[in-house]
Amino acid sequence: MTTLPNIDSEAGEAALDTELKALIADVLGLDPEQASAFGPESGLFGHLPELDSMAVAGLLTEMEDRLGIVIEDDDVDGEMLETYGGLLAFARAKLDPR
Amino acid sequence: MIFTWNNPAPDGSLPLEELLVAFDRGRPARVLVCPAWFDEANKLRRFTIEVMRRLDALGIDSLLPDLPGCNESLAPLENQTLAGWRASMVAAGEALRATHVLTIRAGALVAPAGLPGWHYAAQSGPKLLRGMIRARTISAREAGLAETSEGLMAAGREAGLVLGGWSIGAAMFRELETAEPSLAAGQSDLAQSAIGGPGLWLRAEPDEDAEQADRLAALIAENIGDSAP
């Protein structure tokens, strides 16, 4: 399901970052170049008016499909959704639960 | 462009009139379009019509009926069932003399088995519910309410549920929990990867993409051309 290389490596980390940015670009209708400007502090849910609960649900479901992870109710909290850095850290932890 | 068709009532009472958008010039190839559902219906409506415009330009008729309970339909949405929508799409296909079917996303769940055609980016019932339930738990949490997916699923099975503003009856809810699209004879999957670019149902707000519409219409026209006698 997942095509990401081992995320212990720097290349894996970069691949996850690229994948997640591409996903947000798809949801927000941005060019990939625009999405590449996202930094750890870039605001998501609560900061971007178009990112409502339906759009966030779509984003999480697509993350499940593309990353091959399962996101439970309890995983979803304000911290994980508030910034790009929070979402990236969440995805990283899901892929490598050690 | 806007026409009506009569959807037979399952209990034999008077049929209900439903609207459809059609590019109907009486040509040999007539594609019934089974639209995307609920929130995705809004996001993909323009794309769907844009594909139909292109099919028209390519010499192909297309017919997009409302699902009963949706858009201008007078039928209450909460009374709709998956079996009922399937029967409606079969009835629409017959009444409108469709020769092919194009389904969009969850529209694949109601594709008439008797028509050859294409399932564009087919969506399963469980995934559809999962996305809508998740949207509801996220907004509930924002509002300080404690709702769980499990609790909502149980409530939906029992008494139906309003998800994203859509009233889904208990029967429909239970049917969707196990509904998987299946390809009937002469039907094939058209994955988003065959169209290129990100699926427009992912978009936070409705959008359009001329290249994607071009590609989908061209694939259908090629396919009809190949199979013509």
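Begin by selecting L32(B), and then find strand 4 of chain B, where L63(B) stands opposite L32(B). Keep in mind throughout the tour that this is a predicted model.

**Around L32(B)**

With L32(B) still selected, display its surroundings: setting aside residues up to four places away in sequence, L32(B) touches L63(B), A92(B), G93(B), L96(B), A98(B), V101(B) and L115(B). L32(B) also belongs to the largest nonpolar core, a set of 86 residues in which V56(A), V31(B), L32(B) and V33(B) have the most contacts. If you colour this core, look across to chain A as well, since helix 3 of chain A, residues 53-67, supplies the largest share of the core with 8 residues.

**Strand 4 and its partners**

Next select strand 4 of chain B, residues 61-65, and ask how many of its residues are buried. The answer is 5 of 5, so the strand is mostly covered, a residue being counted as buried when 20 or more other C-beta atoms lie within 10 Å of its own. In a regular strand the side chains alternate between the two faces of the sheet. On one side of strand 4 of chain B you will find D61(B), L63(B) and P65(B), and on the other S62(B) and L64(B), all of them buried, which leaves both faces covered.

Now add the partners of this strand to the selection. Strands of a sheet pair through backbone hydrogen bonds, either parallel or antiparallel. Strand 3 of chain B pairs with strand 4 of chain B in the parallel sense, over 3 bridges, whereas strand 2 of chain B runs antiparallel to strand 4 of chain B and is joined to it by 4 bridges. On the side of strand 2, you can pick out L20(B), which stands opposite P65(B) in strand 4 of chain B.

**The whole sheet**

Widen the view until the entire sheet of chain B is visible: it is an open sheet of 7 strands in the order 1-2-4-3-5-6-9, with mixed pairing. Why is one side of strand 1 (2-7) and of strand 9 (187-190) left without a neighbour in the sheet? These two strands of chain B stand at the edges and each has a single partner strand, so one side of each has no neighbour there. Turn the sheet to look along it, and you may see that its neighbouring strands are turned against each other by 25° on average, direction ignored.

At the edge formed by strand 1 of chain B, follow the 6 bridges that join this strand to strand 2, residues 16-23, with the two running antiparallel. One pair to label here is N6(B) with its bridge partner in strand 2 of chain B, E17(B).

**Helices on the sheet**

Select helix 1 of chain B, residues 38-57, which lies across strand 2, strand 3, strand 4 and strand 5 of chain B and runs at about 155° to strand 4 of chain B. Together, strand 3, helix 1 and strand 4 of chain B make a right-handed β-α-β unit, which you can trace in that order. Helix 2 of chain B, residues 82-95, also packs on the sheet, where it touches strand 1, strand 3, strand 4 and strand 5 of chain B, and its direction makes about 120° with that of strand 1 of chain B.

**Two loop residues**

Move on to R105(B), in the loop between strand 5 and strand 6 of chain B; its phi is near 50°, a positive value in a residue other than glycine. R105(B) counts as buried because it has 28 C-beta neighbours inside 10 Å. Then select A121(B), in the loop between strand 6 and helix 3 of chain B, where phi is near 45°, again positive in a residue other than glycine. A121(B) is buried too, with 24 other C-beta atoms within 10 Å.

**Chain A and the contact between chains**

Show chain A, which has 5 helices and 0 strands; of its 98 residues, 28% count as buried. Where the chains meet, the contact takes 17 residues from chain A and 19 residues from chain B. On the chain B side, select helix 3, residues 125-142, which gives the most with 9 residues. The residues of that side of chain B divide into 5 nonpolar, 6 polar and 8 charged.

**Last stop: R215(B)**

Finish at R215(B) in helix 7 of chain B, residues 210-227, which counts as partly exposed with 18 C-beta neighbours inside 10 Å. Leaving aside neighbours within four places in sequence, R215(B) is in contact with I195(B) and G196(B).

Conventions. Residues are numbered from 1 along each chain as its sequence is written. Chains are lettered from A and ligands numbered from 1 in the order in which they are written. This is a predicted model: local features need pLDDT of at least 70, side-chain atom pairs count only at pLDDT 80 or more; totals for chains, interfaces and linings use all residues. A nonpolar core is a set of buried Ala, Val, Leu, Ile, Met, Phe, Trp, Tyr and Cys residues joined through C-beta atoms within 7 Å. A residue is buried if 20 or more other C-beta atoms lie within 10 Å of its own, exposed if 12 or fewer, and partly exposed in between; C-beta atoms are placed from the backbone. Two residues are in contact if their C-beta atoms, placed from the backbone, lie within 7 Å. Ala, Val, Leu, Ile, Met, Phe, Trp, Tyr, Cys and Pro count as nonpolar, Asp, Glu, Lys and Arg as charged, and the others, Gly among them, as polar. Two strands pair if DSSP finds at least two bridges between them. Axes are lines fitted to C-alpha atoms, for helices over the stretch in contact, and angles run from 0 to 180 degrees between N-to-C directions. A crossover is right-handed if, with the strands pointing away from the viewer, the path from the first strand over the helix to the second runs clockwise.
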